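Trainee: Got a minute to go through this one with me? I'd like to start with the basics.

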Amino acid sequence: MVEVNLWSGLRQHADGKDKVKVEAKNVGEILKRLVEAYPGLKPQIDSGVSVAVDGRIIASDLTEPVYQESEVYLIQQLRGG
Amino acid sequence: MALDEQKTDGFKYVGTRPNRPDGLDKVTGRAKFGADMSAPGMLHGAILRSPHAHARIIKIDTSAAEALTGVKAIVTRADFSKNIKFAPGSKGATWSVLENVMANEKVLYDGHALAAVAATSQLIARDAIKLIKVEYEILPHVTDVDKAMAPGAPIIREGTADSSVPDGYHPNVVGYHNSGHGDVAAGFKEADLIIEDSFSTEATHQGYIEPHACLATLGQDGKGELWCTTQGHWAAQKICAALLDLETSQLRVTASEIGGGFGGKTTVFIEPVALALARKANRPVKLVMSRSEVFRATGPTASTSMDIKIGMKKDGTITAAQGTFRLQGGAFPGAPGNFTAMCAFAPYSLKNVNQIGYDVMSNRPKQAAYRAPGSPMAAFAVESIIDELCNQLDLDPFEVRLKNASRKGTKASFGPRFDDIGLVETLEAAKAHPHYSAPLKEGQGRGVSCGFWFNFGGETSVTLALSLDGTAQISVGTPDVGGSRASIALMAAEELGIPYEHIRVTVADTATLGYNEISHGSRVTYASGLATIKAARDAIKKLCKRAAIKWDIPEDAVKWQDGCAVPSGPNAGDFDPIPIKQLTATMGATGGPIVGHFEANPEGAGVSFATHIVDAEVDKETGKTSIIRYTVVQDAGKAIHPTYVEGQFQGGAAQGIGWALNEEYIYGEDGRLQNSGFLDYRIPLASDLPMIDTVIVEVPNPGHPYGVRGVGETSICPPLAAIANAVSAAAGVRLRQLPMSPPRILAALKVK
């Protein structure tokens with residue numbers, strides 16, 4: 001299981017939890033399992049999120065691997081100017 | 001990517017300063033920008049724009065314009081896709097672009113497009129625009145962020161808010177972000193001094209000198225060509241195809257040279273309109289915006305209203321920090337309240353932090369990205385409070401920042417732990433810089449600030465084709481906004497072992513490469529550079545294979561060294577090196593063309609920090625501020641072409657000076673923009689600027705083969721705050737509102 005940290009604004013859609021454990025081998029699976037467990041997260045995840053894995057911010061690639069001990073944070077989808 | 005694969009020293013070409021390959025074209029006028037292209041039979045377009053901030057369109061009568069000799073086509077919203085449906089938040093992003101490109105039922109801001117004409121001359125097109133009769137029902141409007149959130153404010157579009165917005169907010173609040181960690185209330189109890197204050201910044205324009213311009217051709221068969229000034233032609237292709245119901249691959253888009261973008265050319269405005277006109281007239285159509293149109297209808301940055309509260313111990317330790325950031329982003333969702341909040345406290349290692357961001361709609365043009373969207377405003381507010389805390393506790397601003405600085409392993413204010421970062425190195429370099437200890441004269445003040453930006457990777461595709469003579473042609477898909485062709489050629493030269501001058505880098509059109517993300521997020525030298533290095537290594541592998549065949553030894557017994565194939569060790573055999581030229585000269589007979597490719601979405605951009613020092617002098621009689629001295633210290637990871645890295649540093653500081661001191665969108669009571677020209681919207685001139693000194697710090701980014709971090713955006717994060725701190729010190733009063741124009745400074749001095 002991978003522990004996923006949610007930003008405060010997402011917690012209203014995850015029964016108030018700030019951390020959620022999901023079974024996942026990569027970033028794409030994390031997002032899929034989160035939506036399965038908490039359908040209220042779907043609109044936010046569908047409209048785009050980035051995932052920080054051990055401090056490295058994965059802006060959009062769903063194939064990036066994650067491990068049981070990985071530190072995982074959902075963050076707002078990045079873009080720039 | 002593991003660090004042991006990283007090359008951080010021993011470079012031959014990387015780190016040198018050759019002339020940029022596009023330099024001669026640009027100084028001789030040979031370079032072709034957006035408005036420089038023509039086509040046989042070309043028509044000229046013009047766009048009718050709303051004079052009202054908010055109005056319902058009752059009727060558009062184009063009959064008189066159609067009757068004008070020389071008019072060949074008129075388009076309104078009816079000529080665009082009907083398949084794009086409104087949806088809340090970013091799910092409705094394509095609909096928002098369509099609605100912004102051409103209004104439908106309502107005009108939402110002064111300058112909003114609602115019809116366009118193509119005619120045989122620009123003059124006729126402009127005359128025809130005046131003949132279009134529009135019946136409006138004027139609606140109440142709002143242009144101020146705080147007023148737009150208040151109960152009773154005119155609603156821009158009901159139902160736009162996404163699921164992030166908690167119940168109870170005005171419908172103009174369309175996005176909400178809340179993040180942080182620890183217990184802020186408990187943290188404030190530990191503080192010896194708490195300062196809480198409010199700040200605001202006005203919308204500013206990216207101020208690129210080249211207005212938006214394009215030339216479009218689109219046949220009834222759905223095949224089209226688009227030439228345009230853009231930061232991302234694949235994005236332009238995708239959006240235009242959607243807005244006009246085209247097959248994406250049938251629209252080929254070529255990026256012209258670009259006269260500045262800074263984030264403002266990451267979307268489309270006139271391109272779909274030119275295509276719609278071209279399709280209707282069945283002739284090429286050229287559209288060029290006037291400066292006034294650029295101001296009225298293209299993306300300024302968001303305006304802000306911010307509340308900051310920070311607690312500090314007497315020794316300078318920050319015990320808690322809290323910020324609320326309200327961003328006005330025009331008549332569509334997308335203002336970066338989230339990034340503003342996430343960047344605000346990123347330079348600091350904080351036990352207790354909370355940040356809230358709002359995306360708020362108003363009757364203004366759709367905001368667009370502007371270098372590190374949101375971060376400069378956040379830094380202005382936060383770093384002003386840090387400065388005030390240092391003043392009141394009599395602490396050195398660098399000592400305090402160093403004491404609280406984010407380092408490798410720090411839990412960032414926005415969540416994850418930082419990897420290798422260079423904030424401390426920039427602070428130490430700034431503290432040791434002679435600027436910081438130089439004496440100040442009467443009436444002058446010194447300010448410092450840190451700044452942070454995330455940077456970005458994104459989809460990237462590069463092809464490197466070798467020529468018969470051993471030179472290389474590289475096709476990249478990222479428009480060159482800051483000298484990237486030079487840095488890409490340097491990285492290829494380093495890998496291939498051939499001179500910089502033997503490489504030509506071309507920004508290829510959309511038919512030539514796979515999808516390339518826009519040149520944004522400071523990503524080009526990072527991502528296209530990484531892709532170039534990998535494409536060069538792919539070509540080298542193929543070169544080594546040709547040598548292996550010639551020597552009749554295994555491929556892995558050949559390595560590449562100084563532009564030659566050589567045996568990889570004594571056991572591989574005793575052969576003379578084969579220079580690249582010999583391998584390419586015979587490539588037709590040894591297996592065909594040698595081309596290296598790389599296509600990926602590199603995810604290791606590496607965040608970036610900067611520290612700035614500014615000296616300002618305030619004339620207390622007139623309120624005029626002069627910037628006397630300016631020093632930028634920034635972590636570049638690895639400076640591939642130091643001159644263009646320094647140019648980015650200086651450019652960020654220069655734009656920051658304009659933003660801090662003079663630039664602002666001024667709206668009248670009628671909701672109309674009052675200063676849509678460079679006479680009344682004052683960007684800094686060379687004569688307004690001091691020499692901007694630069695210090696390049698290099699803390700390698702683990703996510704790039706040479707350690708590169710993007711540098712284009714972070715340089716605009718600290719200036720607003722550093723200048724505000726300098727001006728506040730010089731004036732003897734805290735300035736809380738940008739720009740710090742002479743009337744505002746005089747007003748602040750009056751109430752002092």
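Here is our chat about the two chains and how they meet.

Mentor: Before we start, this is a predicted model, where local features need pLDDT of at least 70, side-chain atom pairs count only at pLDDT 80 or more, and totals for chains, interfaces and linings use all residues. Residues are numbered from 1 along each chain as its sequence is written, chains are lettered from A and ligands numbered from 1 in the order in which they are written, and side-chain values use heavy atoms, with hydrogens and water left out.

Trainee: Fine. How many helices and strands does chain A have?

Mentor: There are 2 helices and 5 strands in chain A; these are DSSP runs, with helices being H or I of at least four residues and strands E of at least two, numbered from the N terminus. Along the sequence the order is β-β-α-α-β-β-β.

Trainee: And what radius of gyration does chain A have?

Mentor: Chain A comes out at 11 Å, which agrees with the value near 12 Å for a compact globule of 81 residues. That rule is 2.2 Å times the number of residues to the power 0.38, and the radius is taken over C-alpha atoms.

Trainee: What share of chain A's residues is buried?

Mentor: Buried residues make up 58% of the 81 in chain A. Buried means under 20% relative accessible area, exposed over 50%, and partly exposed in between (1.4 Å probe, protein chains only).

Trainee: New topic. How many residues does each chain bring to the contact?

Mentor: Chain B brings 38 residues and chain A brings 28, with contact meaning heavy atoms within 4.5 Å. About 2,600 Å² is buried between chain B and chain A, and carbon and sulfur atoms give 53% of that. Buried area here is the accessible area (1.4 Å probe) that two parts lose on being put together, summed over both.

Trainee: Which residues of chain B lose the most area to chain A?

Mentor: Ser163(B), Phe339(B) and Glu603(B), together 24% of what the chain B side buries.

Trainee: Now Glu202(B): buried or exposed?

Mentor: Glu202(B) counts as buried because its relative accessibility is 16%. Glu202(B) sits in the loop between β8 (193-201) and β9 (213-218) of chain B. Leaving out residues up to four places away in sequence, its contacts include Arg364(B), Trp659(B) and Tyr665(B).

Trainee: Last one, where is Ala729(B)?

Mentor: Ala729(B) is in helix α19 of chain B, residues 719-731. At 45% relative accessibility, Ala729(B) counts as partly exposed. Beyond its neighbours within four places in sequence, Ala729(B) touches Gly445(B) and Arg446(B).
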